[in-house]
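This report describes two ligand sites and several local features of one protein chain. The sequence and model are shown first.

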Amino acid sequence: MKIDIKSMTLAEIQEAFKAEGLPGFRSRQVYRWLHRGVSSFDEMSDLSQELRRQLSEKYYISVAIIEKKRVSKYDNTVKYLFRLHDGQYVESVLMQYHHGYSICISTQAGCKMGCTFCATGQGGWFRDLTPSEMLAQIQAAQLDSGNRVSNIVLMGMGEPLDNYENVLRFLELVSSDEGMNIGARHISLSTCGLVDKIYDLADRKLQVTLSVSLHAPNDQIRSRTMPVNRKWNVEALLKACRYYAQVTHRRISFEYAMIQGVNDTDACARELAGRLKGMLCHVNLIPVNDVTGANYRKSSHDRLERFSQILSEKGIPVTVRRTLGSDIEASCGQLRGKHVEEVVAHEGRQ
Ligand code: SAH
Ligand code: SF4
C-alpha cells in the first residue's frame, strides 16, 4: 500500500524523509510541487530521476480527474464531476464573484445524513474523502480554468463534520504558507448540525465561517426533513451556534431552502425570527432545488419575498440568495445523480 503524500504536512514529510534516508532538504520542494497540483513525481523536474523513482515506489499523489464539466450560460459558473482513483464520483462548483473565484468542494462521496430534499443524502454514503482529495478538486479546477481560487466553501457532497479529522487536516494544508495559502477567513464550512463538532471547532478558534443548514424553525418540521435533528434538535443546535458566534466573533450563516407548503409560511418566518433573535447571524433563503424522487416544490418568488420581509422587520439580516448556475444542476449531488443514472441507463441498453 502506497502512502498518500499530499495528505501529509510539511513537517511529516520532513520527518518521513529523515527516517527513510531521503534527502531532507528536498522535502520543501516536494511539498510545493504537490500543492501546485502536479499529478506525478515525474513532473517534479528539479528532483533527480533517482529520487523521483524512490518517491513513486513509496508514495502516491491523489488526483481528481474531470469526468464531466458543465458551464452555465448565464453566469460562467462551472460544475465539475470528478472521478477519484477508485471510481467514486464527486462534484465541485467554481463560481466567479466580484472579489475573485470561489470553489465549492465535496468532503465525502455520498452522505450518511439522509436529508429528504437532498440528492446526495438520498443516494447514501460511499466513503470519506482524504484531505488530498479535497485539495485535488481545487487544483483540478484551477488548472482547468486557469484561474486562482481565493475562497473555498465546504458545501459540496457530504457532511464535513462527519469527516472531521480529514477536514481539519485539509484546513491546515490549504492554509499553509508553502501550500495554497488560503486562510480560514476565506473558508466556509457548511453543516447539517453535528453539535459536538461545532463546539470543538469553536474551541479551536480557527476563524472558519460556519454555515448551518437549518431549513426549519422547529423540531416538528426539521425532524421530518433532516433525520439529524432527532439526535440534536433545533434548540441544541442553536445553542451551539450562539457559542460558536460568541467564541469566534464570526457571523453564522443559516441556510434555509424554501419548500412550498412545508417550511415557508408566515408563521414559520415569525417562529424563525424569534429563535434567532440576538444572535450574530444571517439567513440565506434559497428556493429548494427539485430533486427527482422527492415531492418538493420550490416556494414562489412572492413567498420568498414575504418570508424575507418578515425576518427583516424583526431585525434578522436576510438575503434571498441568487442561485448560481441554475441551468447546470449546480446543487449538491445533482450532477453525480444524473451521471450515475445515465451510466446505468447506458449499461442497461447494452
Ligand atoms: N452536508 C452539509 C454540506 C453539504 S449540503 C450541509 O448539509 O450543510 C450543501 C447545502 O445544500 C446545504 O445547505 C443543503 O441543505 C443544501 N441542499 C441540499 N439539497 C438541496 C436542495 N434540493 N435544494 C436546495 N438546497 C439543498
Ligand atoms: Fe448530507 Fe448535507 Fe445532503 Fe443533508 S443536505 S444529506 S447533510 S449533504
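## The shell around ligand 1

The shell around ligand 1 consists of 8 nonpolar, 7 polar and 2 charged residues. The model is a predicted one. Of the 17 residues around this ligand, those that come nearest are Phe117, Ser190, Ser213, His215 and Asn289.

Three side chains place an N or O atom at short range from polar atoms of ligand 1. For Glu159, the partner is a nitrogen atom of the ligand, at 3.2 Å. The side chain of Ser190 has an N or O atom 2.6 Å from an oxygen atom of ligand 1, and for His215 the corresponding distance to a ligand oxygen is 2.5 Å. Taken alone, ligand 1 exposes 530 Å², and the protein buries 93% of that area. Two or more shell residues come from each of strand 10 (187–191) and strand 12 (252–258).

## The shell around ligand 2

Ligand 2 is surrounded by Cys111, Met113, Gly114, Cys115, Cys118, Gly121, Gly158, Glu159 and Cys192. This shell divides into 5 nonpolar residues, 3 polar residues and 1 charged residue. Glu159 thus appears in the surroundings of ligand 2 and also has the 3.2 Å approach to a nitrogen atom of ligand 1.

## The buried face of helix 7

Which residues of helix 7 (residues 195–204) are buried? They are Val195, Ile198, Leu201 and Ala202. These residues lie on the same side of helix 7 because they cover an arc of only 115° around the axis. In an α-helix there are 3.6 residues a turn, so residues three or four places apart point the same way.

The buried residues pack against helix 6 (164–174), strand 10, strand 11 (209–213) and helix 9 (234–248). Strand 10 therefore serves as a packing partner of helix 7 and, as described above, gives two or more residues to the shell around ligand 1. After helix 7 comes Lys205, whose phi is positive, near 50°.

## The loop between helix 6 and strand 10

Ser176 is located in the loop between helix 6 and strand 10. With a relative accessible area of 17%, Ser176 is buried, because the cut-off for that class is under 20%. Apart from neighbours within four places in sequence, Ser176 is in contact with Tyr31 and Asn181.

Asn181 lies in the loop between helix 6 and strand 10. Its relative accessibility is 48%, so Asn181 counts as partly exposed. Most residues other than glycine have a negative phi. Asn181, although not a glycine, has a positive phi of about 60°.

## The loop between strand 11 and helix 8

His215 is found in the loop between strand 11 and helix 8 (219–225). At 9% relative accessibility, His215 counts as buried. Its phi is positive, about 60°, although His215 is not a glycine. The side chain of His215 also has an N or O atom 2.5 Å from an oxygen atom of ligand 1.

Asn218 has its place in the loop between strand 11 and helix 8. Is Asn218 buried or exposed? Its relative accessibility is 13%, so Asn218 counts as buried. The side chain of Asn218 reaches the backbone nitrogen of Ile221 at 2.9 Å, and a polar contact of 2.9 Å joins this side chain to that of Glu271. Leaving aside neighbours within four places in sequence, Asn218 is in contact with Val234, Glu271 and Arg275.

Note on methods. Residues are numbered from 1 along each chain as its sequence is written. Chains are lettered from A and ligands numbered from 1 in the order in which they are written. This is a predicted model: local features need pLDDT of at least 70, side-chain atom pairs count only at pLDDT 80 or more; totals for chains, interfaces and linings use all residues. Side-chain values use heavy atoms; hydrogens and water are left out. A residue is near a molecule or strand if one of its heavy atoms lies within 4 Å of it. A polar contact is a pair of N or O atoms within 3.5 Å; within protein, one must be able to donate a hydrogen and the other to accept it, and residues adjacent in sequence count only if both atoms are side-chain atoms. Accessible areas come from the Shrake-Rupley method with a 1.4 Å probe; for residues, only the protein chains shown count as cover. Helices (H or I, at least four residues) and strands (E, at least two) are DSSP runs, numbered from the N terminus. Ala, Val, Leu, Ile, Met, Phe, Trp, Tyr, Cys and Pro count as nonpolar, Asp, Glu, Lys and Arg as charged, and the others, Gly among them, as polar. Buried means under 20% relative accessible area, exposed over 50%, partly exposed in between (1.4 Å probe, protein chains only). The arc is that of the directions from the helix axis to the C-beta atoms. Contact means heavy atoms within 4.5 Å.
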